[in-house]
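Thanks, everyone. Let me put the structure up, and then I'll walk through the contacts.

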Protein chains: 2
Amino acid sequence: MPNKKNEDLPGKTVERLSQYRRLLFNSLQEGKTNIYSHELARLMNLTPVQVRRDLMLIGYSGSQSKGYIIKDLVNLIGKIIDSDTGQRIAIVGMGNLGRAITSYFLGKREKLSIVAAFDNDPQKTDRIIAGVPCHHINKLKEIVPAESISIAVLTVAPEATYEVAKQLLEAGIKGILNYTSVPLTVPEGVHLEEYDIITSLEKLAFHVK
Amino acid sequence: MPNKKNEDLPGKTVERLSQYRRLLFNSLQEGKTNIYSHELARLMNLTPVQVRRDLMLIGYSGSQSKGYIIKDLVNLIGKIIDSDTGQRIAIVGMGNLGRAITSYFLGKREKLSIVAAFDNDPQKTDRIIAGVPCHHINKLKEIVPAESISIAVLTVAPEATYEVAKQLLEAGIKGILNYTSVPLTVPEGVHLEEYDIITSLEKLAFHVK
DNA sequence: TTATTATTGTGAAAAAAATTACAACTTACA
DNA sequence: TGTAAGTTGTAATTTTTTTCACAATAATAA
Ligand SMILES: NC(=O)c1ccc[n+]([C@@H]2O[C@H](COP(=O)([O-])OP(=O)(O)OC[C@H]3O[C@@H](n4cnc5c(N)ncnc54)[C@H](O)[C@@H]3O)[C@@H](O)[C@H]2O)c1
Ligand SMILES: NC(=O)c1ccc[n+]([C@@H]2O[C@H](COP(=O)([O-])OP(=O)(O)OC[C@H]3O[C@@H](n4cnc5c(N)ncnc54)[C@H](O)[C@@H]3O)[C@@H](O)[C@H]2O)c1
């Protein structure tokens with residue numbers, strides 16, 4: 001098997017693969033079938049060499065005349081970053097942000113699906129919101145394993161973060177994407193990703209200054 | 001003047017400074033006055049050396065006995081990443097995401113303020129939403145210079161992205177934080193930051209797999 | 001046929017970022 | 001007093017990421 005080990009792909013490359021695929025989808029829909037490294041680079045705001053290097057790392061080869069075949073490349077990226085069986089996601093905290101994320105994400109990825117939401121507000125529970133069934137938070141430990149949910153997006157009120165994260169870990173969650181701006185630590189084997197718009201804005205403001 | 005040149009701070013350090021400050025605020029509110037590098041490191045999920053290294057780069061010194069004085073450190077970080085005069089921000093596209101961001105951000109930072117929003121839906125314009133006046137998009141070119149807005153957060157519908165970005169650039173914007181997942185390119189001198197939750201989720205999914 | 005141009009793939013170098021190793025200091029207390 | 005424990009600051013090293021430089025190949029046109 002001539003495939004590269006995917007585990008040792010540089011972290012940055014993994015991030016970019018996701019973005020390549022998004023842009024390649026667009027190009028496909030515009031009717032393009034092939035793309036050159038410099039075209040993809042321009043869309044991504046990076047250099048053609050970096051594109052070629054990333055594709056080299058995943059073992060994909062293009063041709064000097066036609067560049068890369070978009071469909072093949074999309075498929076290969078899928079093989080690498082998607083799991084075969086697909087992964088199931090829960091939104092925890094169905095407020096403004098939770099709803100915005102859910103309706104944005106809906107149906108965008110074949111192998112990733114938001115299958116449940118949780119909240120503690122009775123107004124929001126036991127009904128379908130933004131296309132996803134919203135359960136009471138006290139059913140979390142039951143539903144997460146039952147629905148084979150491996151990833152949680154955390155968008156609860158800040159003061160609930162710690163308690164809810166604890167429950168998620170006890171329920172056997174494998175990855176948490178934390179938007180609450182309350183710092184978390186997770187045990188070995190669980191993956192954590194955090195994002196705060198204020199960090200992005202302050203970084204931007206620093207450079208604009 | 002013994003101050004370090006701020007321009008040559010590593011990009012990653014700038015990002016972390018913003019996060020340090022957020023966590024230090026929390027600690028202050030809990031009544032702490034001093035903090036050790038290993039405590040801050042734990043909150044940030046990184047190593048104590050890296051914390052010390054970052055603080056070294058901004059020229060801050062602690063003491064072996066008490067660690068760092070939180071108040072002083074917060075002030076120094078402010079001196080470095082905030083602009084003296086403050087910077088003014090517009091939200092462009094007051095939908096789910098625009099509102100979520102606006103209400104989250106409100107009043108969180110002294111030197112960064114969201115002073116205007118824009119939309120093209122008459123239901124949303126000429127009134128105050130989430131504490132911010134929302135104008136019709138066709139007033140953008142007039143209001144951006146009049147209000148000295150230097151940074152825009154782009155949360156319009158995807159199909160409007162390109163046109164709206166063009167108007168922002170013509171209005172003299174200096175930084176764009178783009179959430180639309182439609183790729184943008186900006187001229188020299190304008191700063192661009194992009195974020196897509198799907199990239200975060202796919203990265204997480206890859207590691208969880 | 002033979003230059004010319006445009007492209008990919010990749011080794012090697014450079015740059016950026018993180019980690020290691022440890023000197024220097026401070027406090028506590030035996 | 002002396003020593004053990006705990007801390008900061010930083011030089012040196014290692015690791016990761018990006019960029020440079022160029023060989024190899026294909027298409028095109030003189
Ligand atoms: N990282 C970012 O860039 C960013 C941006 C906006 C908001 N936020 C944060 O995201 C979170 C959500 O923001 P929002 O604007 O949607 O707020 P929101 O108040 O609209 O939503 C919070 C939701 O959490 C629910 N909740 C509260 N306690 C709960 C509990 N114990 N168990 C289950 N659900 C519970 C509430 O019922 C509500 O539906 C907040 O913590 C906010 O600070 C982060
Ligand atoms: N990056 C991410 O993680 C992420 C997450 C969620 C949504 N999104 C994207 O962010 C954007 C907003 O998402 P949303 O859920 O708030 O959608 P939404 O439909 O609720 O909001 C879009 C807003 O843009 C306004 N708009 C449309 N055309 C406009 C124009 N020409 N000028 C001014 N305003 C205009 C609409 O009136 C609406 O208020 C979308 O592009 C969506 O794809 C990105």
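**Ligand 1, the two DNA strands, and the helices**

Start at ligand 1: one of its oxygen atoms sits 3.0 Å from a polar backbone atom of Asn96(A). I call that a polar contact, meaning a pair of N or O atoms within 3.5 Å; within protein, one must be able to donate a hydrogen and the other to accept it, and residues adjacent in sequence count only if both atoms are side-chain atoms.

Ground rules before I go on. This is a predicted model, where local features need pLDDT of at least 70, side-chain atom pairs count only at pLDDT 80 or more, and totals for chains, interfaces and linings use all residues. Residues are numbered from 1 along each chain as its sequence is written, chains are lettered from A and ligands numbered from 1 in the order in which they are written, and side-chain values use heavy atoms, with hydrogens and water left out.

Back to the ligand. Val156(A) offers a polar backbone atom 2.7 Å from an oxygen atom of ligand 1. Tyr195(A) does so for a nitrogen atom of ligand 1, at 2.8 Å. In total, 23 residues surround ligand 1. A residue is near a molecule or strand if one of its heavy atoms lies within 4 Å of it. The closest are Asp119(A), Lys124(A), Val156(A), Tyr179(A) and Tyr195(A). Which chains surround ligand 1? Residues from chains A and B do, so the site is shared between chains.

Now DNA strand C. There are 22 residues around it, and Ser37(A), Arg52(A), Arg53(A), Ser61(A) and Gly62(A) come nearest. Arg53(A) reaches a base: a polar side-chain atom lies 2.6 Å from a base oxygen of strand C. Tyr68(A) goes to the backbone of the DNA instead, with a polar side-chain atom 3.0 Å from a phosphate oxygen. Chain B joins in through Ser65(B), whose polar side-chain atom lies 3.5 Å from a phosphate oxygen of strand C. Of the strand C atoms within 4 Å of the protein, 64% belong to sugar or phosphate and the rest to bases.

Which element gives the most to the surface near strand C? That is α3(A), with four residues. Helices here are DSSP runs (H or I, at least four residues; strands are E, at least two), numbered from the N terminus.

On to DNA strand D. Here 23 residues surround the strand, the closest being Arg16(A), Ser37(B), Arg52(B), Ser61(B) and Gly62(B). Sugar or phosphate accounts for 68% of the strand D atoms within 4 Å of the protein, bases for the rest. Arg52(B) has a polar side-chain atom 2.8 Å from a base oxygen of strand D. Two residues meet phosphate oxygens: Ser37(B) through a side-chain N or O atom at 2.6 Å, and Gly62(B) through a polar backbone atom at 2.8 Å. Elements giving two or more residues to this surface are α1 and α3 of chain A together with α2 (37-44) and α3 of chain B. The largest share, four residues, comes from α3(B).

Last, the layout of chain A. An automatic or database domain assignment gives domain 1 (6-79) and domain 2 (87-198). Their centres, taken over C-alpha atoms, are 31 Å apart.

That's my tour. Questions?
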